[in-house]
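Here are my notes on this model, point by point. Please read them with the structure open.

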Amino acid sequence: MNGKPPLPWKRSLLWLLFLGPFFFLSYGQANQLAASREAVASLYFAWERQLPFLPWTIVPYWSIDLLYGLSFLCCRDARAVDRHGQRLLAAQVIAVACFLAFPLRFAFARPATDGLAGAMFTALSAFDQPYNQAPSLHIALLVLIWFQFAKLPLARPWRLLVHGWALLIGISVLTTWQHHFIDVPTGAALGLFCLWLLPEAGLRSPLRRAADAGHFRLAALYAGAAAALLASAISLGGLALVLAWPALSLLLVGWNYAWAGSAGFQKQAGGHSLAARWLFAPYQFAAWLNSRWWTRRHPAPVHIAGAVWLGRMPDATAYASGGFGALIDLSAELPAPRLATPHHVHPCLDLVPAAPEVLGAAAREIAQRVADGPVLVACALGYSRSAAAVAAWLQLSGLAADTEAAIRLIREQRPQIVLDDGWRASLAQVDAAGSEPA
């Protein structure tokens, strides 16, 4: 016996017995309601008329039905089964709600097809009318199913097969003339959103309120910017529709500030989750540009005391040239260079004073790592979050008598630091409650 627990196939079967009928009932009902309306719009680009119709791609298009069931076999325990089932259900509910609220119709007439492909198209047409377009539920489910198979410890040829077949399924929604282009990125966004909403074990769901949330003014600013971008995308149309991606990103950032907190960015020592990397990519890119602009005159980290350095989030070259033995990361939003190992994350929201508990934990982490060599403490700019962590370390290690002394010591090396009354209050609590770090 290999000691591995048996697959929870009975639980998987129960999910499939629920999801199957629910899919056909809800999806079919949305189709019928759209067909009963007098006028249903179509949304597509002129260049889509040049896309080829490839009848044989109905085979990979249909194959998702088989992979849908097999994907549950990738789940090794009951929690993984439930999480996968919940994601599939969430994608279905959200997609159908969009179909009902904003019905769209496929605009082109599909050419006549014979043979096996023709029979498969006929079977598809018996159930699937040219509605239920954006977001493509086919693509949303593909993202969730691909994610399950991609996690398996497969040899390289099998991994390439998984990725290649998933790509072929994604392309097939266009080459079977089932969907317009706009349905594909919106469907992918829906799949990623479900992965973010219902994350893997070890990550906190953004549905749970976090202690470092409740910053509604900042949340409102991000939501307002998201609304402005979305309004621009809709009013301008065409290529401007790409603005919907940063609009979604900013809306989710606003949600983090209002409710999910720093955990909403889903950052661990290994980096951000797959869903967070894609959903927050426009915001992360803007945050990275902003960090480089504000630190353009002072890009290099500075030595504070002992083996501790303070600076902005480094790129791989800067980190390697610094000879650092560890990175203490206070940024929730920016990725760290992959070669930064060991990489210890104490994520904090930008523009918000961190809780004393977070600063105390980061200070103790710094104290533990200095014995292994130079330690870089970083955030986006190296002006607030990471500076506060270093100040907490200076206090608890006895290198600074109090908060003001710690801030003065840091400012001598990095005059640009910004630690206002809110940060000082958190640091004072660390000082009052602290004990000598181990």
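1. Start with the hairpin of β3 and β4. Two residues lie between its strands, and Gly 306 adopts a positive phi near 55° there. Strands β3 and β4 run antiparallel and are joined by three bridges. Val 302 has Leu 310 of β4 as its bridge partner. Strands here are DSSP runs (E, at least two residues), and helices are runs of H or I with at least four residues, both numbered from the N terminus. Two strands count as paired if DSSP finds at least two bridges between them.

2. A word on the basis of all this. The model is predicted, so to speak of local features takes pLDDT of at least 70 and side-chain atom pairs count only at pLDDT 80 or more, while totals for chains, interfaces and linings use all residues. Residues are numbered from 1 along each chain as its sequence is written, and side-chain values use heavy atoms, with hydrogens and water left out.

3. The hairpin strands belong to an open sheet. Its five strands follow the order β3-β4-β7-β5-β6, with mixed pairing. The edges are β3 (302-305) and β6 (343-348), each pairing on one side only. On average, neighbouring strands are turned by 25° against each other, direction ignored. Axes are lines fitted to C-alpha atoms, for helices over the stretch in contact; angles run from 0 to 180 degrees between N-to-C directions.

4. Now the parallel pair. Strands β5 (residues 326-331) and β7 (residues 375-379) are parallel, over four bridges. Leu 327 stands opposite Leu 376 in β7.

5. Two helices deserve a look. Helix α13 (residues 356-369) packs on the sheet and touches β4 (308-312), β5, β6 and β7. The direction of α13 makes about 165° with that of β6. Helix α15 (residues 403-413) also packs on the sheet, touching β3 and β4. Its direction makes about 150° with that of β3. Contact means heavy atoms within 4.5 Å.

6. Finally, the whole chain. The protein chain holds 16 helices and seven strands. Its C-alpha trace spans about 80 × 65 × 35 Å along the principal axes. Of the 438 residues, 48% are buried (under 20% relative accessible area, 1.4 Å probe, protein chains only). Among contacts with a separation of 6 or more, 77% join residues 24 or more positions apart. The exposed area is about 20,900 Å² (Shrake-Rupley method, 1.4 Å probe), and carbon and sulfur atoms supply 66% of it.

Technical notes. Buried means under 20% relative accessible area, exposed over 50%, partly exposed in between (1.4 Å probe, protein chains only).
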